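Student: I'm new to this structure and would love a close look at a single part of it. Could you walk me through one spot and then show me what else is worth seeing?

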Amino acid sequence: MANEPPLPATVKALGFVSLLTDLSSEMVYPINGRLLRMLGAPAWVLGLIEGLAESTASVLKLYSGTLSDKMGQRKPLALLGYGLAALSKPLIGAAGVWPQVLAARLLDRTGKGLRGAPRDALIADVCPKEQRGRAFGLHRSLDTTGAVLGPLIGYFFLRANPSGLRSLYWIAFLPAVLGVLLLWLVVKEKPDEKRGRRLSGSETQGKERFFSLTGLSPTYKRFLLSVGVFSLVNSSDQFLLLRAQEGAKLTPESILLLYALFNMVEASLGYLVGKLSDTVGRWPLIVAGWGVFALVYAGFALLPGGVGFGGVLGLFLLYGLYSTLTQGAQKALAADMTDPTQRGRQLGVFHLVVGIGALPASLIAGVLYDRVSPAAPFWLGAGGAVIAVLLLPKEKHKRDENKGNPL
């Protein structure tokens, strides 16, 4: 609408930080599986690396969110997180054995874990509830714009330099550094001393538990249950890329182009879908997104061999629609349900639940891919998504933002 108030400058700046960081990450993420195959790693190793990496990020999001509450500041942890992620890129490119890739991916996801909850809490802190869908939608769109540009740069680089796969990791280091500088120099935060004092007082008595369901509403707990079930069957995107690479016989540069087109869906629609969630609600979008996920995974399970680029393009575009419908809506719904005085911790719980299933999900997917069939992990994902939809609570959750207590 024409009369909508503009989003805070902090939200816009954080969006461009994420754009540069995702440009860096997604320039090389789609070819990590190819690099591991070059190093002789089986599919279960890919599952181990991605599962450990994502679980590490999720656990740290819980701690970093709570720590940002206690500090009364979000920016320092976010800055450290983006910095560690930048350092990981050349380390992966220089790896000679798969354990070195594992170590570098853990460093990368440690950075993500340190920055995720404080950054999301900072966005929620500067936005009223009626703006949060737009704010997270804009952030997600800019984030995903980087995820489009990164693979495209990688695609054109490998087209010109087919043997330059490792060099691409060094190129990816540059935009990551620019993102760190933008966060450091441009993003402003006013420390909230009241929040820090509040959390260090009699309520916590120095014994604050980082993971605790205390203070969470029943609706939020039900929401976390459905998210947890979905996470247990949502294995790493690397298995989609591996299925496309080996089933459709795609080259590394084709995989990068495919991943860019997948991300283009969310980059173009993320902001609009975020605004839509402010009007129609978050629940319908999440249900629709998880339904699309189930269809896409069933499609990958049924994928015939040697179908080529066109045979998997439609599935990846639909997968982009799933991501568009759910990523911003899930964060906005979680933020709606949190206590403003403990938002970092409570959003950290959400991030933990989202990612804690990454290790078992990706390990199981890797074992099924190697020992049963390449289709097996995708059938598991499709069925689990349907169960998660059935568990998702329909109740609307309202909160008095001034008092921070559920109504």
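Tutor: Let's start with S55, which is in contact with G355, I356, A358 and L359 once its neighbours within four places in sequence are left aside. Keep in mind as we go that this is a predicted model. S55 sits in helix α3, which covers residues 43-71. Is S55 buried or exposed? Its relative accessible area is 9%, and because buried means under 20%, S55 counts as buried.

Now compare that spot with a residue in another helix. V186 belongs to helix α7, residues 167-186. With a relative accessible area of 43%, V186 is partly exposed. V186 also helps to make a nonpolar surface patch of about 550 Å², together with V177, L178, L181, W184 and L185.

For the inside, turn to the largest nonpolar core, which has 98 residues; F223 and F316 touch the most other members. Helix α13, residues 308-337, supplies the largest share of this core, with twelve residues. Apart from neighbours within four places in sequence, F316 is in contact with L240, L241, A244, L258, F262 and F300.

Among these partners, L240, L241 and A244 are buried residues of α10. Why is helix α10, residues 238-247, described as largely enclosed by the rest of the structure? Nine of its ten residues are buried, so the description fits. The buried ones also include Q238, R243 and Q245. Just after α10 comes K249, which takes a positive phi of about 60°.

Notes
Residues numbered from 1 in each chain as written. Predicted model: local features only at pLDDT ≥ 70, side-chain atom pairs only at ≥ 80, totals over all residues. Heavy atoms only, no water. Buried < 20%, exposed > 50% of the residue type's maximum accessible area, 1.4 Å probe, protein only. Helix = DSSP H or I, 4+ residues; strand = E, 2+ residues; numbered from the N terminus. Core = buried A, V, L, I, M, F, W, Y, C linked by side-chain atoms within 4.5 Å. Contact = heavy atoms within 4.5 Å. Patch = residues over 30% accessible without salt bridge, like charges linked within 9 Å, V, L, I, M, F, W, Y side chains within 5 Å. Areas by Shrake-Rupley, 256 points an atom, 1.4 Å probe, with all protein chains shown as cover. Salt bridge = Lys/Arg side-chain N within 4 Å of Asp/Glu carboxyl O.
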